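Opened a fresh page for this one. I want to look up how the chain is put together and what sits around the ligand.

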Amino acid sequence: MTIADSALLITGANRGIGRALVDEALRRGADRVYAATRRPFTHPDQRVTSLIVDVTSRAQIHAAVERVESLDILINNAGFGVFDDFSDSAVLEQHLAVNVLGTHRVTQALRYFPARLSTLGSRVEGALREVLAEAPSFVAFEGYDTVAVIAELLRLHGTDRARIAEGWSTVAVDGTRGQNRFGRAPGVSVWQWIWPPIQVVARDPKEPDRFSVLYAAGAPAHVESRGSRI
Ligand SMILES: NC(=O)c1ccc[n+]([C@@H]2O[C@H](COP(=O)([O-])OP(=O)(O)OC[C@H]3O[C@@H](n4cnc5c(N)ncnc54)[C@H](OP(=O)(O)O)[C@@H]3O)[C@@H](O)[C@H]2O)c1
């Protein structure tokens, strides 16, 4: 994973580890750092764009996503831990809302973010803008890509279900954000979009300058630093 020339979004960027990650990303030559914080945050470096994001607020997440022009790396840093009595369900709910659901919401909102539209994608965006009179959401791009893939499968294999089922492994169709191809994770019967790539990483305690990839491109990988799997 390369930080240089990348665009990152870091949640909980105003203090603690999040703030340190902002400065480290800039030091390593990041092109853009989206600093997501609950309260207004300023940073002297022009490469920092401040976004207001409480990870429990869908509205704030979606408003922030609208302002993200491109994204290579998402760091879900926001979180908290109150070492309290977990027999109090309100405390547990608060942890789940921020640490689990918050992380999930931010990831989902950005996962299919059309970071770099292909030439075809730009044409589709223009056409959709005209019809919708507003910027199309990622769902519109997904919808276009889905129809393009189905049309290609039907063109190559007709309506024969068995032949279509075999066709998933070879289909390669130009889409709004690159080529659409499909793969299957080991042990999973469903064919899934191979793209966009996702990596979940952790700092390697043995080599603090490096990240270990915990999960990459839809297929679980070894947790190098702990010798177990996620
Ligand atoms: N430090 C450790 O030893 C340690 C160990 C294990 C895990 N972690 C995890 O690593 C992360 C960073 O740790 P840290 O020590 O830097 O924590 P920290 O100093 O307490 O900072 C937490 C950050 O998360 C933000 N945050 C909390 N709730 C949020 C919400 N609902 N929406 C958006 N942002 C929210 C905080 O924003 P505000 O300033 O607005 O509150 C703050 O920026 C946390 O997720 C923490 O649980 C830390």
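**Starting after the helix**

I began at Gly29, which follows α1 and has a positive phi, near 90 degrees. Note to self: this is a predicted model.

**α1 itself**

From there I stepped back into the helix, residues 16-27. How far apart should the ends of α1 be, given its 12 residues? I took 1.5 Å a residue, with one less than the number of residues as the multiplier, so the expected span is 16 Å, and the end C-alpha atoms are 17 Å apart, which agrees.

Next I checked burial along α1. Gly18, Leu21, Val22 and Ala25 come out buried. Looking down the axis, I find these buried residues of α1 within an arc of 105 degrees, so they line one face of the helix. On the face turned away from that side, I noted Gly16 and Arg27 as exposed.

What lies over the buried residues of α1? I found strands there: the cover includes β1 (7-11), β2 (32-37), β3 (48-52) and β4 (73-75).

**The core**

I then pulled up the largest nonpolar core, which has 24 residues. Leu8, Ile10, Val22, Val33, Ala35 and Ala36 have the most contacts inside it. For this core, β1, α1, β2, β3, α2 (58-67) and β4 each supply at least two residues. Val22 is thus on my list twice: as a buried residue of α1 and among the core residues with the most contacts.

I picked Ala36 for a closer look. Skipping neighbours within four places in sequence, I get contacts from Ala36 to Leu9, Ile10, Thr11, Ala13, Leu51, Val53 and Ala64.

**Around the ligand**

How many residues surround the ligand? I count 20, and the closest are Gly12, Gly16, Ile17, Ala78 and Gly79. Two elements, α1 and α3 (89-111), give two or more residues to this shell. α1 gives the most, with three residues. By type, the shell splits into six nonpolar, 10 polar and four charged residues. Gly16 gets two entries from me: it is exposed on α1 and one of the closest residues to the ligand.

**Whole protein**

Last, the overall numbers. I have six helices and 13 strands in the protein. Of its 230 residues, 18% count as buried. Among contacts with a separation of 6 or more, 46% come from residues 24 or more positions apart.

Note on methods:
Residues numbered from 1 in each chain as written. Predicted model: local features only at pLDDT ≥ 70, side-chain atom pairs only at ≥ 80, totals over all residues. Helix = DSSP H or I, 4+ residues; strand = E, 2+ residues; numbered from the N terminus. Buried ≥ 20, exposed ≤ 12 C-beta atoms within 10 Å, placed from the backbone. Contact = placed C-beta atoms within 7 Å. Arc of directions from axis to C-beta. Near = placed C-beta within 6 Å. Nonpolar A, V, L, I, M, F, W, Y, C, P; charged D, E, K, R; others polar. Core = buried A, V, L, I, M, F, W, Y, C linked by C-beta atoms within 7 Å.
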